[in-house]
Amino acid sequence: MIPAGINAQTKSSSIRFDKQTQVFHIDAADMSYVLGINEQKEIQALYWGKRLNAADTFGVPHSAPGLSGFDSSINTTQQEFTGWGGGQYVEPDLKITFPDGNRDLVLQYVSHIIEGDKLTIVLKDISRDVFVQLEYQVDTTTGILKRSAQVQNKTSAPLTIEQIASGTWNLPRGTDYRLRYLTGRWAGEWSLHEQIIQPGKTTLESRRGSTGAQNNPWFAIDRNGSNDQDHGDVWFGALGWSGSWQINVEQDEVQQIRVTGGPNSFDFGYRLAPGEHLQSPDFYGGYSHDGIGGASRLLHRFEISTILPHGPDPKLRPVLYNSWEATEFKVDEAGQEALAEKAASIGVERFVMDDGWFGQRSTDHAALGDWYVNPVKFPHGLKPLIDKVHSLGMDFGLWVEPEMVNPDSDLYRKHPDWALNFTGRPRSEGRNQLMLNLARPDVREYVFQFLDKMLNENDIAFLKWDYNRNWSEPGWPAVAPEDQKKVYIAYVQNLYSILEELRAKHPRVEIESCSGGGSRIDLGIMRYTDEVWPSDNTDAFDRLLIQDGFTYAYAPAVMMAWVTDSPTWVNQRTLSLEYRFLSSMQGSLGIGANLNNWKPEDFATAKKMVAQYKQIRETVQRGSLYRLISPQNGSEQSVTETVSKDQSQAVTFAFLHSSQMLYPFPRIYLRGLRPEGIYKISAIDGKLSGDIPSVASGAFWMQHGVDIELRGDFQAAAFSLEAVDR
Ligand code: GLA
């Protein structure tokens, strides 16, 4: 079944090589990607966009002429992967220093191999035995390409890689391209930005050691600057890397667009001994003819089916309860059991105990690193609480922050050398903690062992894996000075390998990626995690904007959203419990309120909303998302609609900031329904206008639209459409 909102992908996919012209054609879904070998033996980009006719051919590729003595052909030819050398000024993919001081690298085609949906092209420097293996793997359903590069040192001496990208995405000459990207900070993640691409370069990056929230490694580029959600050309990409990274978007001197992406080249240096190789992260890129909405629907589908650990059909997210905002560090057996009973009574399926349960942890000043159960708070270990949670019909989850250490901890007292540090220099703390250097084999082993032991000894279904600061003084004094900058790569590789090994040994355990909110969300960590925490900002109104930005790049299926207390700690804003539920129900529903303060009517409302959510969660988590009214730019309204895969259910959430001058709420025009289908409308919460029929065709709901009655401040409503003709 082709999901609604994704163009009919009945077309076959293929990768073929035309020997005569030396051109590779990659066709999949509604996308074609064409590249060829030119007379300089460079791999030249020829086309990326809407699928071409199978009969379309390309001539033999020719490198572009240079502009003048100032700009040789190497700067005007759009290449798939360039080494820095031969007078190149555009952003390179690879820069190397050889031990003899030579820093010139000119890569040429050597060979290629096509295996099903994968194309591998081998390049080599014109004189030295440096090989680069470019890989292109195409996803047949979405046409999303995964690209990476592997650098192999087959010379007899070590060399130093100073910059490596996974490849360059190229778009043809044009001055009407627009870039979208995401920025943020703690409690303010996922701001969407737009800018016209002008001559010069925009760098999106993190120098923080991890993905960071300041920029997220995602971009989308459209043409003609159209704001239409569902029409027009959009090229998009996302980097699968959870360390420092960079994406450069460049308009070159002849107005061509080039996008490169990989680990950040700032403070970078990777010594490659003879016989060794370095694999770049995966850089994913896709094309949609159906506007930015179509682009995000493709990405969502791809993430669920191809990126997440249990793709193509991962489990739906359970409704969870998390103790953090209720108890902070004050967790103990009796208190958690009382919360668990209350959570179970409203239909929660997973109970998660957050920070505070281990070592001598009573504030954020101590105990990170000491992963034993606090004997005062839990005198009999975690078993009684876990048993209680199970007896209430829920599974049990636990918070951990494995990569960190407080100076006030047994671990730090025993192993001060395990923290990232430069010898003899101060160690800057963030949230009173230091970073463990996970690149060290002994630290990797310690972290893996404590987690493995904890999962062996306790019936834990879920880990909330937190990471509450960024790097400082990123020294690794235990290795030779020329290898110390490897920390940027080795750390992330070890993080991934711990997650991979844990998942293999404990296949039923699910993991959430949290980093003080949404500071480590990318397609790299998502290969090992089942869900992510977008922000510590749980204000249900702020969340509308946060969630809107988030879904440009990532699927609502992984977007955890808790209902918390009102007024919120964030803005002291008061919102009804219904509003808070409807805001959270657009993603994976969780509850993080202090249930001890709830009144009977709150429990009744919550029970009803949780039950409603269970009726629509498959649609919300697996369906196609349409942004009907954007909350961006200070909009008074926000409306989202999600259509189930088989188009038999659509769920719409509508929010009003405040009504003015007696204006009614804008009419809502639905999308993605079967025009000839017959659908019954029902309110999930709030009031529909009395003037609309209860049953009508998909065409009616999409063309006539739906009126709802929303008036006042911070009002919300939701309704569903159910197909009644099948
Ligand atoms: C981070 C997380 C929160 C909570 C605290 C616990 O800030 O984002 O959800 O887990 O840590 O210390």
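**Ligand contacts and two helix pairs**

An N or O atom in the side chain of R431 lies 2.9 Å from an oxygen atom of the ligand, in what is a predicted model. R431 is also one of the residues that come nearest to the ligand, a group that comprises D354, D355, R431, K464 and D536 out of the 13 residues around the ligand. For D355, the separation between a polar side-chain atom and an oxygen atom of the ligand is 2.6 Å, while a polar side-chain atom of W399 is placed 3.0 Å from an oxygen atom of the ligand.

Turning to the helices, α7 (residues 441-457) packs with α8 (residues 487-505) at an angle of about 25°, their axes being 10 Å apart. Because angles under 35 degrees count as roughly parallel, α7 is roughly parallel to α8. The crossing in which α7 passes α8 is right-handed, and the contact involves R444, V447, F448, L451, D452 and L455 on the α7 side, with N494, S497, I498, E501, L502 and K505 on the α8 side. By character, the residues of this contact of α7 with α8 comprise six nonpolar, four charged and two polar.

A second pair is formed by helix α10 (residues 577-584) and helix α11 (residues 600-622), which pack at an angle of about 25° with their axes 10 Å apart, so that α10 is roughly parallel to α11. Here α10 passes α11 in a right-handed crossing, and L577, E578, F581 and L582 of α10 make the contact with D602, T605, A606, M609 and V610 of α11. The residues of the contact of α10 with α11 divide into six nonpolar, two charged and one polar.

Key
Residues are numbered from 1 along each chain as its sequence is written. This is a predicted model: local features need pLDDT of at least 70, side-chain atom pairs count only at pLDDT 80 or more; totals for chains, interfaces and linings use all residues. Side-chain values use heavy atoms; hydrogens and water are left out. Axes are lines fitted to C-alpha atoms, for helices over the stretch in contact, and angles run from 0 to 180 degrees between N-to-C directions. Helices (H or I, at least four residues) and strands (E, at least two) are DSSP runs, numbered from the N terminus. Angles under 35 degrees count as roughly parallel, over 145 as roughly antiparallel, 65 to 115 as roughly perpendicular and the rest as oblique. A crossing is left-handed if the near helix is turned anticlockwise from the far one by less than a right angle, and right-handed if clockwise. Contact means heavy atoms within 4.5 Å. Ala, Val, Leu, Ile, Met, Phe, Trp, Tyr, Cys and Pro count as nonpolar, Asp, Glu, Lys and Arg as charged, and the others, Gly among them, as polar. A residue is near a molecule or strand if one of its heavy atoms lies within 4 Å of it. A polar contact is a pair of N or O atoms within 3.5 Å; within protein, one must be able to donate a hydrogen and the other to accept it, and residues adjacent in sequence count only if both atoms are side-chain atoms.
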